[in-house]
Amino acid sequence: MKQQGVAVLGSTGSIGTATLRVIARHQARFRITALTASSNATLLREQAASVRPEYVGIANPNGDSDPAWGTGTDCLIAAAMRADVDIVVNAVVGTAGLPATLAALHAGKRVALANKESLVMGGDAVLRACAEGGGEIVPVDSEHSAILQCIGTRPLGEVRRIILTASGGPFREWDASRIASATIEDALNHPTWRMGRKISIDSATLVNKALEVIEAHYLFGLPYDRVDVVVHPQSIVHSFVEFIDGSVLAQVGFPDMELPILYALTHPHRIDDIAARAFDPSSASPLTFEPVDPERFPSFALGVAAGVRDGSAPAVFNAANEAAVKLFLSGRIGFGDIARAIASALAAIDGLPSVSVADLSAADLAARNHVIGWSRP
Ligand code: NAD
Ligand code: MG
């Protein structure tokens, strides 16, 4: 069996470090040939010493990087396009991941995509790159991995609807006024998943679930009225697929990103994983389900509406959120301001051209600038 070369973009993050753990258990099949990170040179150096890749890149070096490393934003593309790379694990956070997704798909690679923001900002462009270059997108996001596993080889015409599950985040049971004044610590305290800071805040606002609705629309080619969301606090059912004969399949397991990461590498095959924890239904029960409350989580509805509106709206929603989360995490706006900032950007920036990636970058920049201006009245 030929070993497949893997580039891990965002190797120092939550998904990146989990990917390194997964691949360490499967070295007969996979070899990491490229690693990139934003700025954590200490961890990147440690990873490089243990994995021994052919290429290391650091996008934003702070002076402590290695002279042999690639630098700057182009290092993600350089890593993704290498001839010794078959699979690109895109575990970068935010729209910084988009150019590498496009480059990898153009070059005909498999992209194991954790970076949902690239699909939300540039969905059509990403699908075009995939079709033109002969690449393949396999989701790492647990819900989308679940849906892919449930659909299997059945044609889209047999799928009536998909139902994404959402944990509901740390504020599922909080009332609106308490949510509006939540602290950074409250918002980072996710009940079922340990993740990077940005996606943790997105899970508290339910922006993450809106991004995932848009992600599912592009990945599975389903219109928005066939993508539903249900809150499931235990995070055991990773999503459902309802077929046209009324049968509903779910993919189930304890919450652990290492399974969807491994599956994104091996799809459509499954391989033995010694670290996989045996599933015990009695310790997973009870399983409960409830609707999303759009009153307490207004960003969710804004995001889904932006998806339905299409054009530049998903890019504006996504960039406004990224800017607002950054402001919240630096203590400059309150938690309740995130939804207000997004709503303000969507109202102010509408109908921009959205054909090319340059158009989308302009919409993205306009949304970020709008939110920064909005935060300084
Ligand atoms: P993280 O913050 O832990 O890690 C992000 C990684 O990206 C780091 O290695 C960082 O160095 C790198 N990075 C950040 N900005 C960069 C830039 N401008 N240029 C180059 N590299 C940059 O984030 P995470 O939790 O691992 O999430 C990564 C992606 O995976 C996100 O899109 C997130 O939505 C998605 N995701 C994460 C989880 C999870 O459990 N953590 C689950 C599903 C999806
Ligand atoms: Mg998810």
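User: Happy to dig in! How many residue pairs are in polar contact between domain 1 and domain 2?
Analyst: Since this is a predicted model, the count takes in pairs with both residues at pLDDT 80 or more. The two domains in question are domain 1 (4-139) and domain 2 (310-377). Between them, the number of residue pairs in polar contact is three.

User: Which helix gives the largest share of the side of domain 1 that touches domain 2?
Analyst: Two elements give two or more residues to that side, namely helix H4 (98-106) and helix H5 (116-133). Six residues make up the largest share, and they come from H5.

User: How do the residues on that side of domain 1 divide into nonpolar, polar and charged?
Analyst: Domain 1 has 10 residues in contact with 10 residues of domain 2. On the domain 1 side, the residues divide into five nonpolar, three polar and two charged.

User: How many salt bridges are there between domain 1 and domain 2?
Analyst: Searching the whole structure turns up 24 salt bridges. For the pairing of domain 1 with domain 2, though, the count is zero.

User: What area is buried between the two domains, and which residues of domain 1 lose the most?
Analyst: The C-alpha centres of the two domains are 26 Å apart. The buried area comes to about 750 Å², with carbon and sulfur atoms giving 61% of it. On the domain 1 side, 59% of what is buried comes together from the residues that lose the most area, and these are Thr 95, Val 120 and Met 121.

User: Nice, now the metal. Which protein residues are donors of the magnesium ion (ligand 2)?
Analyst: Along the chain, the donors follow the spacing D-x1-E-x68-E. They lie 2.0 to 2.2 Å from the ion. By residue and atom, the donors are Asp 141 (OD), Glu 143 (OE) and Glu 212 (OE).

User: Why does the pair Asp 141 and Glu 212 tie together parts that are apart in sequence?
Analyst: Asp 141 sits in the loop between strand E7 (136-139) and helix H6 (142-151), while Glu 212 belongs to helix H10 (residues 207-220). Both are donors of the magnesium ion. The pair therefore ties together parts whose separation in sequence is 71 residues.

User: Which residue forms a salt bridge with Glu 143?
Analyst: Glu 143, also one of the magnesium donors, is in helix H6, and its salt-bridge partner is in helix H10, 66 residues apart from it. The closest N and O atoms of the pair are 2.8 Å apart. The partner is Lys 209.

User: Where is Pro 286 found, and what is the omega of the peptide bond from Ser 285?
Analyst: Pro 286 is placed in the loop between H12 and helix H13 (298-309). The peptide bond that leads to it from Ser 285 is cis, and its omega is near 0°.

User: What is the omega of the peptide bond from His 267 to Pro 268?
Analyst: Pro 268 belongs to the loop between helix H11 (258-266) and helix H12 (281-284). The bond from His 267 is cis, with omega near 5°.

User: One last backbone check: what is the phi of Ser 235?
Analyst: Ser 235 is in the loop between strand E9 (227-231) and strand E10 (237-243). Although Ser 235 is not a glycine, its phi is positive, at about 50°.

Definitions and conventions. Residues are numbered from 1 along each chain as its sequence is written. Chains are lettered from A and ligands numbered from 1 in the order in which they are written. This is a predicted model: local features need pLDDT of at least 70, side-chain atom pairs count only at pLDDT 80 or more; totals for chains, interfaces and linings use all residues. Side-chain values use heavy atoms; hydrogens and water are left out. Domain bounds come from an automatic or database domain assignment. Contact means heavy atoms within 4.5 Å. Buried area is the accessible area (1.4 Å probe) that two parts lose on being put together, summed over both. A salt bridge is a side-chain nitrogen of Lys or Arg within 4 Å of a carboxyl oxygen of Asp or Glu. A polar contact is a pair of N or O atoms within 3.5 Å; within protein, one must be able to donate a hydrogen and the other to accept it, and residues adjacent in sequence count only if both atoms are side-chain atoms. Helices (H or I, at least four residues) and strands (E, at least two) are DSSP runs, numbered from the N terminus. Ala, Val, Leu, Ile, Met, Phe, Trp, Tyr, Cys and Pro count as nonpolar, Asp, Glu, Lys and Arg as charged, and the others, Gly among them, as polar. Donors are N, O and S atoms within 2.8 Å of the metal (3.2 Å for Na, K and Ca); water is not among the atoms, so sites may look incomplete.
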